[in-house]
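Here's a quick look at one protein model, taken a piece at a time. Have the viewer open and follow along.

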Amino acid sequence: MFKKVLIANRGEIAVRVIRACRELGVRTVAVYSEADRESLHVKIADESVCIGPAKSAESYLAIPRLLAAADITKADAIHPGYGFLSEKAQFAEAVESSGITFIGPTPEAIRLMGDKSVAKSTMKAAKVPTLPGSEGILESVPHALEIAEQVGYPVILKARDGGGGKGMRVVRSGAELERALPMAQAEAMAAFSSDAMYLEKFLERPRHIEIQLAADIFGNVVHLCERDCSVQRRHQKLIEEAPGPGLDPVIRTKMGEAACRGAKQIGYRGLGTMEFLYDADGSYYFMEMNTRLQVEHPVTEMILSLDLVKLQIRLAAGEPLPFGQEEVIPRGHAIECRINAESPRQNFRPSPGKIESLHFAGGPGIRLDTHIYSGYSIPPFYDSMIAKLIAYGATREEAIDRMLRALDESRIEGIDTTMEFQAEVLRHPGFRRGGVDTHFLEEMRSEAAPPTPPAGSAPGGAESPPPPPAG
Ligand code: MV4
């Protein structure tokens, strides 16, 4: 096991990783920017190092500064958390070159899955279902038109280096494609410094179902049930749950096995998540793979009574998976609300500032992962997520009721949060019924607050402002 882990992150995930290390008897190093001096992760770590100014590019994204901090504190491993450098192959490489263990997959696996087009063809080769579309990058408008004709409209244009919906365009005709491709390319170029695009069949009303995976260095891979993350706003998840409501156990097993097959194909190790689009008829298609610990990992932890972060650290230290697939038995239901410092009534505008007073709910089945405390000032420079409230119950009904009870009981004064909005979602009959798709939120919002947005607008289209990077 490692002696000392440096956490190259901030906020609730830095706190979460420090907690796992503490339980493993591993010492911890927090790094922080000048804006995060008073952050909880700095207070609870064994040691801390200031790595630069508030701006992420000069602190949490500055590889030489992180490596210097690891060097002076003699850390033997680095945990990247989510966001920031967690999926940068170059960072994993630089860490390993310094003789430090990167708690995550190999740089090769990160690079392979970072190219969404190569990721898709790799998964197709492993017989993981994928949507029909271009094999590789679109070369020209005529090339794109030819493939779209073969596949049949509607199709969706996606950026090779994208993810999270940026540079995506839904296209319903050839004429539209001719106009949309150059625009999507320009958007991708601005966002990712590459205009490489691919195309695939567009599913009108999918659910976002993702499979949690864990792999050791000996080639063992297990699937750890699924999460349903369909409740999203502008590609930002707001509510996640596990297991997926109403998912057929046979399909669950097939999806899990497909995900394991894909992971084995690339020699994957550590924690990872395969995202699927899930159609109403029970068909599912690989979308992308996240090669990091995810924000929503707690819902999986709750239904499996498993500490995923401790598992991740043990796997990175070279330990074998401590259980087999037959021992993975989900029990009960868990829901997570991502509490953001935002004003739902002002189009979810960020609401940083001082927390004047704070009371969080507790009681049966309630868990809170957060770095905030009474008197803490939320800096305006980073992601607006300030806490994750997780409710567990024997049934989905019980989990929903507990979440509503906990949201109602919790008080955060001094800033606006998304809590009331999430309560509204949980009370909605459509959500209670279960199995909502990725359009649920926008429809619910247009029910409540007309006028309705223009119909048929592309996901990840010209909406603004872009959210800051998160998990
Ligand atoms: C799709 C799709 C429908 N068909 N691909 C959005 C984020 C990016 N990772 C992929 N996304 C989508 N890809 C095909 N072929 C619909 C979406 C999508 C979506 C997916 C998951 C969760 C929320 C979403 C919201 C809008 C669109």
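Does P330 count as buried, exposed or partly exposed? Keep in mind that this is a predicted model. At 33% relative accessibility, P330 lands in the partly exposed class, because that class runs between the 20% and 50% cut-offs.

As for where to find it, P330 sits in the loop that links α11 to β14 (333-340). Leaving aside residues up to four places away in sequence, P330 touches C225, I303 and L304. R411 is another matter: 81 residues separate R411 and P330 along the chain, and their C-alpha atoms are 32 Å apart.

Now for the helix that comes before that loop. The axes of α1 (residues 11-24) and α11 (residues 308-316) come within 9 Å and cross at roughly 65°. The two helices are therefore roughly perpendicular to each other, and their crossing is right-handed. On the α1 side, the contact is made by R16, V17, A20, C21, E23 and L24. On the α11 side, L308, V309, K310, I313 and R314 do the job. Sorted by class, this contact has 7 nonpolar and 4 charged residues, with no polar ones.

Zooming out, here is how the domain assignment splits the protein:

| Domain | Residues |
|---|---|
| domain 1 | 4-86 |
| domain 2 | 132-201 |
| domain 3 | 207-448 |

Between domain 1 and domain 2, the C-alpha centres lie 38 Å apart.

Notes:
Residues numbered from 1 in each chain as written. Predicted model: local features only at pLDDT ≥ 70, side-chain atom pairs only at ≥ 80, totals over all residues. Heavy atoms only, no water. Axes fitted to C-alpha atoms, helices over the stretch in contact; angles between N-to-C directions. Helix = DSSP H or I, 4+ residues; strand = E, 2+ residues; numbered from the N terminus. Parallel < 35°, antiparallel > 145°, perpendicular 65-115°, else oblique. Left-handed = near helix turned anticlockwise from the far one by under 90°. Contact = heavy atoms within 4.5 Å. Nonpolar A, V, L, I, M, F, W, Y, C, P; charged D, E, K, R; others polar. Domains from an automatic or database assignment. Buried < 20%, exposed > 50% of the residue type's maximum accessible area, 1.4 Å probe, protein only.
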